[in-house]
Amino acid sequence: MSKKILVINGPNLEMLGKRDKSKYGDFSLESLTNLLEKEASELKCEIEFFQSNLEGDLINKINGLDESYDGIIINPGGLTHTSVSLHDSLEIKNFPKIEVHISNIYSREEFRQKSIIAHACTSSIIGLGSTGYIYALRHIVGT
């Protein structure tokens with residue numbers, strides 16, 4: 001039975017390719033999605049994508065997941081540093097939850113150097129660009 005994984009991208013990640021390329025790379029959310037779909041196909045797993053600029057939408061999506069999901073890959077964007085509610089929503093889920101950040105949040109502005117959601121996640125992959133999502137996917141699938 002193949003694994004089913006949700007990839008969540010939070011606020012402003014639909015702007016990839018338009019944001020500071022020195023921090024976020026030169027790829028769009030669409031090209032990231034295509035990269036992950038290709039990897040999921042090779043790993044023989046099912047992948048679903050969700051992006052929203054609204055905190056409540058992210059929380060509702062996580063809270064609405066049923067038992068058919070095997071994990072979450074989440075880049076909560078700026079909510080990483082501010083959302084106790086997102087932390088609490090993730091904490092409820094009993095499958096792997098991997099926090100991914102394209103840039104190295106620990107080498108950025110002081111307010112970006114704390115992740116409120118990290119404690120609710122299984123692990124974090126930080127500063128590896130789009131490759132971080134691939135590593136997260138492979139980890140959840142078990143390869």
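**Exercise 1.** Are helices α3 and α4 roughly parallel or roughly antiparallel to each other?

*Solution.* The model is predicted: local features require pLDDT of at least 70 and side-chain atom pairs pLDDT 80 or more, while totals for chains, interfaces and linings use all residues. Residues are numbered from 1 along each chain as its sequence is written, and side-chain values use heavy atoms, with hydrogens and water left out.

Step 1. Helices (H or I, at least four residues) and strands (E, at least two) are DSSP runs numbered from the N terminus. Axes are lines fitted to C-alpha atoms, for helices over the stretch in contact, and angles run from 0 to 180 degrees between N-to-C directions.

Step 2. Helix α3 (residues 55-63) packs on helix α4 (residues 84-92) at an angle of about 10°, and their axes are 9 Å apart.

Step 3. Angles under 35 degrees count as roughly parallel, over 145 as roughly antiparallel, 65 to 115 as roughly perpendicular and the rest as oblique. Helices α3 and α4 are therefore roughly parallel to each other.

Step 4. On α3 the contact (heavy atoms within 4.5 Å) is made by Glu55, Leu58, Ile59, Ile62 and Asn63, and on α4 by Ser85, Leu86, Ser89 and Leu90. These residues divide into five nonpolar, three polar and one charged; Ala, Val, Leu, Ile, Met, Phe, Trp, Tyr, Cys and Pro count as nonpolar, Asp, Glu, Lys and Arg as charged, and the others, Gly among them, as polar.

**Exercise 2.** Identify the buried residues of helix α5 and the elements against which they pack.

*Solution.* Step 1. Buried means under 20% relative accessible area, exposed over 50%, and partly exposed in between (1.4 Å probe, protein chains only). In α5 (residues 131-141), the buried residues are Gly132, Tyr133, Ile134, Ala136, Leu137, Ile140 and Val141.

Step 2. The buried residues of α5 pack against the strands β1 (4-9), β2 (46-51), β3 (71-75), β4 (97-101) and β5 (123-126), and against helix α2 (29-43).

Step 3. Ile47 of strand β2 counts as buried, because its relative accessibility is 18%. Beyond four places in sequence, Ile47 is in contact with Leu137, as well as with Ile5, Val7, Leu36, Glu37 and Ala40.

Step 4. Ser130, in the loop between β5 and α5, likewise counts as buried, at 18% relative accessibility. Ser130 touches Phe27, Leu32 and Leu35, not counting residues up to four places away. Just after α5, Gly142 takes a positive phi of about 100°.

**Exercise 3.** Locate two residues other than glycine with positive phi, and state their exposure.

*Solution.* Step 1. Most residues other than glycine have a negative phi.

Step 2. Asn12, in the loop between β1 and α1 (21-24), has phi near 75°. At 40% relative accessibility, Asn12 counts as partly exposed.

Step 3. Lys44, in the loop between α2 and β2, has phi near 60°. Lys44 is exposed, with a relative accessible area of 65%.

**Exercise 4.** Describe the surroundings of Lys23 and the placement of the charged end of Lys4.

*Solution.* Step 1. Lys23 belongs to helix α1 and, at 34% relative accessibility, counts as partly exposed.

Step 2. Lys23 and Ser103 are 80 residues apart along the chain, yet their C-alpha atoms are separated by 5.5 Å. Neighbours within four places aside, Lys23 is in contact with Ile102, Ser103 and Arg108.

Step 3. A charge sits over a ring if NZ of Lys or CZ of Arg is within 6 Å of the ring centre and within 35 degrees of the ring normal. The charged end of Lys4 sits over the ring of Tyr69, 4.3 Å from its centre.
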